[in-house]
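User: I should like to learn how to read the main features of a protein model. May we work through one example together?

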Amino acid sequence: TTLFRSGRESSPSRHPLRASFWTVPYRTILYGTAQKGSSPVPRTARLTRDDWAAAALDALAAGGVAAVAVEPVAARLGAAKSSFYWLFDGRSALLEAALERWERTQTEQVVDRLAGIPGPADRLRYLFRHAFTATAMPGADLALRLLSEPDESARGVAERVTRRRLTVLTEAFADLGLPPAQARHHAVASYAAYLGTAALGQISA
């Protein structure tokens with residue numbers, strides 16, 4: 001388990017004979033047929049939006065916002081570029097899905113896990129142990145890099161994630177009995193140490 005970093009969730013296994021469907025804007029895909037209209041869906045449309053989002057997140061972690069483009073992400077999936085447009089309106093929608101996945105899996109799901117740990121000291125120990133263990137992994141510095149992205153949507157998500165993480169840390173330190181200002185100071189110092197360690201880890205420093 002890694003916390004506060006980019007990465008892929010494992011997708012549920014799919015059997016070719018399994019009746020399965022998913023919905024996308026204006027279309028419902030049912031393995032080879034589209035309920036809207038009669039045009040056949042390419043075989044690669046069996047890939048879900050989340051498959052594409054996960055691959056786009058990998059690209060984002062490796063090369064930043066500029067690396068999230070339809071052709072290279074399709075190549076990562078072994079999919080035809082044309083199949084992308086059955087699931088997304090365009091490249092900006094793919095970037096949005098990648099950012100949403102990053103925020104959900106690397107912040108909100110982490111917060112949910114922390115909520116199940118009753119003691120603030122135990123929550124902080126759990127968080128720091130897993131977060132700092134992950135800092136040497138590829139893309140661990142994504143939160144820091146996105147804060148300096150010229151792309152406003154990416155930077156906006158990074159700013160929201162940063163505020164959310166700092167709030168969680170501040171609350172944990174406050175639950176230890178620290179005054180608000182001191183709890184905030186410890187939260188900022190801890191998160192800055194995490195970001196710095198993640199950045200240094202990318203160059204094996």
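**Salt bridges, helices and core**

User: Let us begin with charged side chains. With which residue does R125 form a salt bridge?

Analyst: In general, side chains of opposite charge can pair when their charged atoms come close. In this model, which is predicted, R125 forms a salt bridge with D122, and their closest N and O atoms are 2.5 Å apart.

User: How are R125 and D122 placed in helix 5?

Analyst: The general idea is that an α-helix has 3.6 residues a turn, so residues three or four places apart point the same way. Here R125 and D122 are three residues apart in helix 5, so about one helical turn separates them. R125 is partly exposed at 49% relative accessibility, and D122 is partly exposed as well, with a relative accessible area of 40%.

User: How many salt bridges does the structure hold?

Analyst: There are nine. One of them joins the side chains of K81 and E71, at 3.3 Å from N to O. This pair links distant parts of the chain, since K81 belongs to helix 3 and E71 to helix 2, with their positions 10 residues apart in sequence. K81 is partly exposed, with a relative accessible area of 37%, whereas E71 counts as exposed at 52%, because the cut-off for exposed is over 50%.

User: Is the acidic partner of R145, D141, buried or exposed?

Analyst: D141 is buried, with a relative accessible area of 9%. The salt bridge between R145 and D141 has its closest N and O atoms 3.2 Å apart, and R145 counts as partly exposed at 25% relative accessibility.

User: Which residues are linked in a network of salt bridges?

Analyst: The network links D50, E100, R101 and R104.

User: I should now like to place these residues in the overall fold. In what order do the elements of the chain run?

Analyst: One reads the elements from the N terminus on, and here they run β-β-α-α-α-α-α-α-α-α. That comes to eight helices and two strands. Of the 205 residues of the chain, 44% count as buried. Among contacts with a separation of 6 or more, 69% are between residues 24 or more positions apart. The accessible surface of the chain is about 10,600 Å², and 57% of it belongs to carbon and sulfur atoms.

User: How many residues does the largest nonpolar core have?

Analyst: It has 50 residues, and those with the most contacts inside it are W52, L60, F88, L94, W102 and L146. Two or more residues each come from helix 1 (49-63), helix 2 (70-77), helix 4 (91-115), helix 5 (120-133), helix 6 (142-146), helix 7 (152-175) and helix 8 (180-201). Helix 4 provides the largest share of this core, 10 residues.

User: How does one read the two sides of a single helix? Which residues of helix 2 are buried?

Analyst: One asks where the buried residues lie around the helix axis. In helix 2, V70, V73 and A74 are buried. Viewed down the axis of helix 2, its buried residues fall within an arc of 105°, so they line one face of the helix. E71 and A75 are exposed on the other side of helix 2. The cover over its buried residues includes helix 1, helix 3 (81-84) and helix 4.

User: What comes just after helix 2?

Analyst: G78 follows just after helix 2 and takes a positive phi of about 70°. A80 lies in the loop between helix 2 and helix 3, and A80 is partly exposed, with a relative accessible area of 36%. A80 and V70 are 10 residues apart in sequence, and their C-alpha atoms are 9.7 Å apart in space.

User: Lastly, how many aromatic pairs are found in the whole structure?

Analyst: Seven are found. For each pair, one reads the distance between ring centres together with the angle between planes. The rings of F84 and Y85 have centres 4.9 Å apart and planes at 85°, so this pair is edge-to-face. F84 also pairs with F88, and that pair is stacked, at 5.1 Å centre to centre with 10° between the planes. F84 is buried at 0% relative accessibility, F88 is buried at 3%, and Y85 is partly exposed at 38%.

User: Which residues form one aromatic cluster?

Analyst: The cluster is formed by F128, F132, F173, Y191 and Y194.

Key. Residues are numbered from 1 along each chain as its sequence is written. This is a predicted model: local features need pLDDT of at least 70, side-chain atom pairs count only at pLDDT 80 or more; totals for chains, interfaces and linings use all residues. Side-chain values use heavy atoms; hydrogens and water are left out. A nonpolar core is a set of buried Ala, Val, Leu, Ile, Met, Phe, Trp, Tyr and Cys residues joined through side-chain atoms within 4.5 Å. Buried means under 20% relative accessible area, exposed over 50%, partly exposed in between (1.4 Å probe, protein chains only). Helices (H or I, at least four residues) and strands (E, at least two) are DSSP runs, numbered from the N terminus. The arc is that of the directions from the helix axis to the C-beta atoms. Contact means heavy atoms within 4.5 Å. Accessible areas come from the Shrake-Rupley method with a 1.4 Å probe; for residues, only the protein chains shown count as cover. A salt bridge is a side-chain nitrogen of Lys or Arg within 4 Å of a carboxyl oxygen of Asp or Glu. Rings of Phe, Tyr and Trp (its six-membered ring) pair if their centres lie within 6.5 Å; planes under 30 degrees apart count as stacked, over 60 as edge-to-face and the rest as tilted.
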